[in-house]
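Some labels in structural biology rest on a number and a cut-off. Let us ask what stands behind each one.

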Amino acid sequence: MKGRLEDMAVADLIQHNCQDRKTARVQFKNGSQKGELFFKNGNVVHASMGNLSGEDAVYELINWEQGTFDLAQEVEAPAITVTRKWTSLLLEAARLTDETAPEREKQKEAERIASLTRGEDEKFVEIIQEFSVATPQQLVEQLSKKIEGHRITCITQIRGGNLYWYASSAVELEELVEQVNQFVKMVKTAADRLKAGKIQDNLLITETDYVLVYFLGRDDFYLLIAADKTRANLGTLRHLARVYGERMLSALKLEGVLV
Amino acid sequence: MSDDLKTLFYEVRADMSDDFIAMNIVGQDGISIAREAVESDFNDQLAAAHFAMVMKLAERLTGNLNMGKAVENQFSTDSFVALSRTLGDGSFYWLLVAKAQANVGLLRAVMDQYELRLWGAIPS
C-alpha cells in the first residue's frame, strides 16, 4: 500500500498497524530524507531516520507533515530498537512536539548551517559530531556501531529499568537485563564480602558470546554489552567500554540521571 | 590436595609473576579441594565459595538466554582481578586471583595452558 502523508499522518499509520497487530514495514520519503518504521504484534519495534534510530527516529518521523509512505506486510525488523508501547510512544511524541515547538526554527537554522559545510569537509564534521557533547542514547548507539558482532548495548541500573539501549539483533531485552541484573547482584555480594574495593567490570564468556558489565563510576549503574564471540575482539570490547564508559558517565550527569 | 595437583599448582605459580594472590580448585558446593595463596588478608576460600555461586548462576543465565555454556568469568576491582573457569565436565571450577595491575592476557594464557592438566589431576 502506498500513499501520501498529507492524506494519512504517521501517527495514524502507527495507530492502524498497531491496532491491527500487523507485522509490517513502512518506508517514508520526504524529498531526500528517508525513514522506516517496523511493526510486530501490535507494537512499533524498530525505527530509523537518517542517523537516528529507536524512539528518537519515531519522534522525528511523527513530525513529518508531507512526503510519501510505502507499506509492506510481513516484513520483519532488522533490529529491535523500540520497546515502549505504541500508545505511550504517541503520547510522548505529543509531549515532545509541544515542548520543542519553539526550537524548530533554531533547528532549521542549524540544519542550514550544517548544509553549508556539506561537501566541504564531511569527515571533519563527522569527527566533531562524534566528540561533541552527546546524549547517553547517542553514545550507546555510537559504541554499538563500533563493535564487531554487536548484539546489544544497554545502560541500566541494578534496581531495575533500562535507561538507554540499542540492539543489533532481536533480543528479549527485558529478560536479558533481568537475568544479568541477578548475576550482577551476586557479583556485588561477592565483592562486598571479600572487601574487594571498587568494582570495575565483570566479563562473562560463554561458548558463543561475550557479556561485559562495566560499572559507571558507582556500583548501581552499569553499561552492559553483549557481542558475538566469534566476531568481537575482546581487547577492543574492553577498551571501548572504558572509553565510552567515561563519556557516558559525564553524559548521565549532564542529563541529571546521576548526581 | 593430591600430589598431582600440588605439582601443577607449583608449576602454575612459577609461571606467574609477583601479581599472584591465590588459586583454588573448587567444587559446585563451594568447597575447595586444592588451594594455594600468598600471605595476605585475601580470604581465598571465601572467594572460591562465592565465585562457585557466581559461575553456577552464570550457567543458568546463559542457558536461559541461549548463549551456550558459561566457560569463564573475569571480575575486576581496584584491588584484584579474579578469573573463574569451568573445568572438564563442569563439576569443578578453577579460580585464579591476581593483583589489579596483573596482565589479564597472561593470566588467561596460563589458564589455557593448565586447565586440561588440572582437570586430569582431580582425584576421581
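The questions below concern a predicted model, and each answer sets a value against a rule.

Q: What makes the rings of Phe215(A) and Tyr222(A) an aromatic pair?
A: Their centres lie 6.1 Å apart. Rings pair if their centres lie within 6.5 Å, so these two qualify.

Q: Why is the pair of Phe215(A) and Tyr222(A) called tilted?
A: The angle between the planes is 55 degrees. Stacked needs under 30 degrees and edge-to-face needs over 60, so 55 degrees counts as tilted.

Q: Are Phe215(A) and Tyr222(A) buried or exposed?
A: Phe215(A) is buried, and Tyr222(A) is buried too.

Q: How many aromatic pairs are there over all chains, and which residues form a cluster in chain B?
A: The structure holds four aromatic pairs over all chains. In chain B, ring pairs link Phe42(B), Phe51(B), Phe75(B) and Phe80(B) into a cluster.

Q: What makes Glu55(A) and Arg84(A) a salt bridge?
A: The N to O distance between their side chains is 3.3 Å. The rule asks for a nitrogen of Lys or Arg within 4 Å of a carboxyl oxygen of Asp or Glu, so the pair counts.

Q: Where do Glu55(A) and Arg84(A) sit in the chain?
A: Glu55(A) is in helix 2 of chain A (residues 55-62). Arg84(A) is in the loop between strand 6 (68-73) and helix 3 (86-100) of chain A. They are 29 residues apart, and the pair links distant parts of the chain.

Q: Why does Glu55(A) count as partly exposed?
A: Its relative accessibility is 24%. Buried means under 20% and exposed means over 50%, so Glu55(A) falls in between. Arg84(A), at 29%, is partly exposed as well.

Q: How do you know that Asp44(B) forms a salt bridge with Arg35(B)?
A: Their closest N and O atoms are 2.8 Å apart. The limit is 4 Å, so the rule is met.

Q: Is Asp44(B) buried or exposed, and why?
A: Asp44(B) has a relative accessible area of 3%. That is under 20%, so Asp44(B) is buried. Its partner Arg35(B) has 38% and is partly exposed.

Q: What links Glu115(B) and Arg85(B)?
A: Their side chains meet in a salt bridge, at 2.8 Å from N to O. Glu115(B) lies in helix 3 of chain B, and Arg85(B) lies in strand 4 (residues 80-87) of chain B. The two are 30 residues apart.

Q: Why is Arg85(B) called buried?
A: Arg85(B) has 4% relative accessibility, and buried means under 20%, so the label fits. Glu115(B) reaches 23%, so it counts as partly exposed.

Q: Which residues join Glu115(B) and Arg85(B) in one network?
A: Salt bridges that share partners connect them with Glu72(B), Arg108(B) and Asp112(B). Over all chains, the count comes to 12 salt bridges.

Q: How many salt bridges and polar contacts lie between chain B and chain A?
A: The count of salt bridges between these chains is zero. The rule for polar contact finds 14 residue pairs across the interface.

Q: Which elements of chain B supply the side that touches chain A?
A: Helix 2 (44-64), strand 3 (70-77) and helix 3 (104-121) of chain B each give two or more residues. Helix 2 gives the most, with 12 residues. The residues of this side divide into 15 nonpolar, 10 polar and five charged.

Q: What area is buried between chain B and chain A?
A: The area is about 2700 Å², and carbon and sulfur atoms give 65% of it. The contact takes 30 residues from chain B and 32 residues from chain A.

Q: What makes the phi of Glu74(A) worth a note?
A: Most residues other than glycine have a negative phi. Glu74(A) is not a glycine, yet its phi is positive, about 60 degrees. Glu74(A) lies in the loop between strand 6 and helix 3 of chain A.

Q: Why is Glu74(A) called exposed?
A: Its relative accessible area is 62%, and exposed means over 50%, so the label follows.

Technical notes
Residues are numbered from 1 along each chain as its sequence is written. Chains are lettered from A and ligands numbered from 1 in the order in which they are written. This is a predicted model: local features need pLDDT of at least 70, side-chain atom pairs count only at pLDDT 80 or more; totals for chains, interfaces and linings use all residues. Side-chain values use heavy atoms; hydrogens and water are left out. Rings of Phe, Tyr and Trp (its six-membered ring) pair if their centres lie within 6.5 Å; planes under 30 degrees apart count as stacked, over 60 as edge-to-face and the rest as tilted. Buried means under 20% relative accessible area, exposed over 50%, partly exposed in between (1.4 Å probe, protein chains only). Contact means heavy atoms within 4.5 Å. Buried area is the accessible area (1.4 Å probe) that two parts lose on being put together, summed over both. A polar contact is a pair of N or O atoms within 3.5 Å; within protein, one must be able to donate a hydrogen and the other to accept it, and residues adjacent in sequence count only if both atoms are side-chain atoms. Helices (H or I, at least four residues) and strands (E, at least two) are DSSP runs, numbered from the N terminus. Ala, Val, Leu, Ile, Met, Phe, Trp, Tyr, Cys and Pro count as nonpolar, Asp, Glu, Lys and Arg as charged, and the others, Gly among them, as polar.
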